[in-house]
Amino acid sequence: MSTRTDAAPGARPAAGAPVLQVAGLTCAIGGAVIVDDVSFDVAPGEFVAVIGPNGAGKTSLFNLLSGLLPVTGGTVTLDGTDITGASPSARARRGLGRTFQASSVFAGLTVRENVRLAAQAKLGGSMRPWQRVRPDDAAHDVATRSLERVGLARRAEGLAGALSHGDKRKLELAILLATDPAVVLLDEPMAGVSIEDVAGLTEVIADVHREEGKTVLMVEHHMDVLLGLADRVAVMHHGRLLALDTPSRVTSDPAVQQAYLGEEL
Amino acid sequence: MDTVVLLAITGLGLAALYFLVASGLSLIFGLMGVLNFAHGAFLTIGAYGTWWASDHLPGAGSTGWGFVSAVAFGVAVGTLVAALIELALIRPLYERHIEQVLVTVGLSLALVALVRAVWGADPHPFPRPEWTQRTTSVLGANVPNDRFLLIGSALVVLVAVLAFLRFTRFGLIIRAGVENRAMVTALGIDVRKAFTLVFAIGGAFAALAGALGGIYLGSISPGQGTSLLIFAFIVVVIGGMSSITGAAVAAVLVGLVQQFANYYAASGVGDLSVVLLLAVVLLTRPSGLTARVA
């Protein structure tokens with residue numbers, strides 16, 4: 001479905017085949033359908049923004065993709081493998097990483113330890129759990145690189161809980177990068193971030209997408225942020241996928257405009 | 001002066017026992033969200049294991065290295081039982097906290113009843129190596145040596161646990177898991193692997209406390225672990241529920257308060273003072289002394 005032909009650096013060889021396929025995805029909890037028959041494909045290296053009014057099912061969709069909510073219908077396929085029934089940790093190991101709407105870092109660990117933990121998970125270091133945490137091992141290197149990427153290398157030895165809100169969101173990105181996911185789910189990364197930090201964070205996300213060739217799905221309310229980043233925009237409304245198209249076409253879609261009832265996109 | 005010294009060192013000895021039990025409790029609660037009421041039974045198992053081994057196990061005895069092997073046996077049995085309980089009974093009830101608590105309460109009753117059925121309800125004299133029966137003069141006070149053994153063991157355990165948590169990969173996973181299990185899972189780490197380990201470590205410390213408590217009291221009986229468990233729980237709450245250093249500080253507070261109140265007020269006032277201390281801490285610092293794990 002993607003129209004991208006210029007492969008981003010680091011994109012998979014099979015750039016044509018979708019990296020993420022969602023087919024008829026449905027979730028009903030106690031009779032209430034919170035995600036209703038959602039289907040879409042995402043190509044490798046693509047940036048898809050997910051927008052919609054509050055309660056439209058955006059976070060629920062992410063929870064279904066990352067395995068935190070039980071799927072009651074449909075399938076999720078990652079890189080050709082059906083992961084509909086896989087546990088959250090198994091999905092993460094397969095390359096589906098996510099951040100949460102609420103800022104989620106380990107406040108009692110240092111900034112570096114936060115990232116290191118993720119690197120350990122990726123490198124399979126937990127197989128040798130008694131091994132000492134050394135400043136010269138592979139996990140340490142990955143942690144350093146991820147922190148440099150988001151511009152937090154100078155704060156590495158401080159406690160994560162002492163970071164500003166914007167920096168915490170950058171740390172979340174660094175944690176995610178350390179797990180080297182193929183597909184990145186970002187749930188409102190700008191939520192609670194001060195206006196002056198939005199630009200810096202947007203730049204980091206753009207870098208991650210363009211330079212590392214990551215496939216990104218991002219829930220976001222700041223339309224101005226999305227317009228510069230997203231290849232396509234998915235609009236959710238009442239649990240359904242209302243539209244999925246380029247940003248300009250989506251904003252001029254009458255159905256979308258009606259869903260927002262005059263709210264400015 | 002000599003009375004104060006004796007009371008202080010005895011209080012610290014008691015604190016050492018509380019800490020050994022409480023450290024496991026707080027790690028288990030912190031990581032798994034399980035209030036382990038069976039923890040006192042691990043202590044009883046460690047005490048009886050040591051006692052049994054000192055008489056029956058080849059190479060083990062009641063003095064010198066023989067006694068050390070007897071304690072090692074008791075600790076090994078406690079560790080094994082704790083690990084098996086986690087695998088067989090706690091793990092299948094993952095995230096079902098009420099059921100987990102009920103299972104541990106049932107186990108605490110059943111294991112103590114089992115010990116009573118096998119070895120009787122009466123206290124048995126516990127082997128006390130000769131060195132622990134002597135005293136050392138500290139600032140004019142004749143302090144029984146077993147106090148130093150208790151304090152020394154607890155210090156070694158404290159340093160070892162802190163080093164384990166700070167400097168190993170598993171330690172990092174445990175500290176992170178105590179803060180937020182779901183997030184550790186989201187990173188692709190199966191945090192349940194750490195559960196068995198934490199349960200086994202807790203069982204080992206409780207069993208060690210059982211053996212040391214036997215030396216301190218001179219005898220063992222089936223209900224000993226359960227009565228110590230109550231104070232260990234108070235220590236865990238005062239210490240901040242999931243903090244090892246908090247548990248250490250709280251254990252010292254509780255041990256000292258209990259000893260001094262029992263001596264200067266009346267026997268039994270010590271227990272009451274501990275409960276008062278708990279109330280004061282909860283009123284002034286509702287989340288305990290500290291909220292960090294290590």
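**Figure 1. Contact between helices H1(B) and H6(B) in the predicted model.** From H1(B), the contact residues are Ile9(B), Thr10(B), Leu12(B), Gly13(B), Ala16(B), Leu17(B), Phe19(B), Leu20(B) and Ser23(B). Their partners in H6(B) are Arg147(B), Leu150(B), Ile151(B), Ser153(B), Ala154(B), Val157(B), Leu158(B) and Val161(B). By class, this contact holds 12 nonpolar, four polar and one charged residues. H1 spans residues 2-32 of chain B and H6 spans residues 145-167. Their axes come within 8 Å and cross at roughly 40°. Angles from 35 to 65 degrees fall outside the parallel and perpendicular ranges, so H1(B) is oblique to H6(B). The crossing is left-handed.

**Figure 2. Leu20(B) and the largest nonpolar core.** This core counts 177 residues. Those touching the most other members are Tyr18(B), Leu20(B), Val21(B), Ala232(B), Val235(B), Ala251(B) and Val254(B). H1(B) gives the most to this core, with 18 residues. Which residues does Leu20(B) contact, leaving aside its neighbours within four places in sequence? They are Ala154(B), Val157(B), Phe205(B), Ala206(B), Leu208(B) and Ala209(B). Ala154(B) and Val157(B) also appear among the H6(B) residues that meet H1(B). In soluble globular proteins, nonpolar side chains tend to be buried together.

**Figure 3. Contact between helices H6(B) and H9(B).** H9 covers residues 192-217 of chain B. The axes of H6(B) and H9(B) come within 9 Å and cross at roughly 170°. An angle over 145 degrees counts as roughly antiparallel, and H6(B) and H9(B) are therefore roughly antiparallel to each other. On the H6(B) side, the residues are Asp146(B), Leu149(B), Leu150(B), Ser153(B) and Val157(B). H9(B) supplies Phe205(B), Leu208(B), Leu212(B), Ile215(B) and Tyr216(B). Eight of the contact residues are nonpolar, one is polar and one is charged. Phe205(B) and Leu208(B) are also contacts of Leu20(B).

**Figure 4. Contact between helices H3(A) and H5(A).** Chain A has nine helices and 10 strands. H3 of chain A runs over residues 111-123, and H5 over residues 165-178. Their axes come within 7 Å and cross at roughly 25°. The limit for roughly parallel is an angle under 35 degrees, so H3(A) and H5(A) are roughly parallel to each other. Is the crossing left-handed or right-handed? It is right-handed. Val111(A), Asn114(A), Val115(A), Ala118(A), Ala119(A) and Lys122(A) come from H3(A). They meet Leu171(A), Ala174(A), Ile175(A) and Ala178(A) of H5(A). The classes here are eight nonpolar, one polar and one charged.

**Figure 5. Surroundings of Leu241(A) in strand S10.** S10 of chain A consists of residues 240-245. Leu241(A) has 22 C-beta neighbours inside 10 Å, so it counts as buried. Of the 265 residues of chain A, 46% count as buried. Beyond four places in sequence, Leu241(A) touches Val38(A), Phe40(A), Ala234(A) and Met236(A). Its C-alpha atom is 9.6 Å from that of Val50(A), which lies 191 residues away along the chain. Across chain A, contacts with a separation of 6 or more are 68% between residues 24 or more positions apart.

**Figure 6. Thr75(A) in strand S4 and Asp79(A) in the loop after it.** S4 of chain A covers residues 73-78. Thr75(A) is partly exposed, with 15 other C-beta atoms within 10 Å. Leaving aside neighbours within four places in sequence, its contacts are Ala23(A), Asp82(A) and Thr84(A). The C-alpha atoms of Thr75(A) and Gly166(A) are 35 Å apart, with their positions 91 residues apart along the chain. Asp79(A) sits in the loop between S4 and strand S5 (81-82). Its phi is near 55°, a positive value in a residue other than glycine. Asp79(A) is partly exposed, with 18 other C-beta atoms within 10 Å.

**Figure 7. Positive phi at Glu188(A).** Most residues other than glycine have a negative phi. Glu188(A) is not a glycine, yet its phi is positive, at about 45°. Glu188(A) lies in the loop between strand S7 (183-187) and helix H6 (195-211) of chain A. Is Glu188(A) buried or exposed? Glu188(A) counts as buried, because it has 21 C-beta neighbours inside 10 Å.

Key: Residues numbered from 1 in each chain as written. Chains lettered and ligands numbered in written order. Predicted model: local features only at pLDDT ≥ 70, side-chain atom pairs only at ≥ 80, totals over all residues. Axes fitted to C-alpha atoms, helices over the stretch in contact; angles between N-to-C directions. Helix = DSSP H or I, 4+ residues; strand = E, 2+ residues; numbered from the N terminus. Parallel < 35°, antiparallel > 145°, perpendicular 65-115°, else oblique. Left-handed = near helix turned anticlockwise from the far one by under 90°. Contact = placed C-beta atoms within 7 Å. Nonpolar A, V, L, I, M, F, W, Y, C, P; charged D, E, K, R; others polar. Core = buried A, V, L, I, M, F, W, Y, C linked by C-beta atoms within 7 Å. Buried ≥ 20, exposed ≤ 12 C-beta atoms within 10 Å, placed from the backbone.
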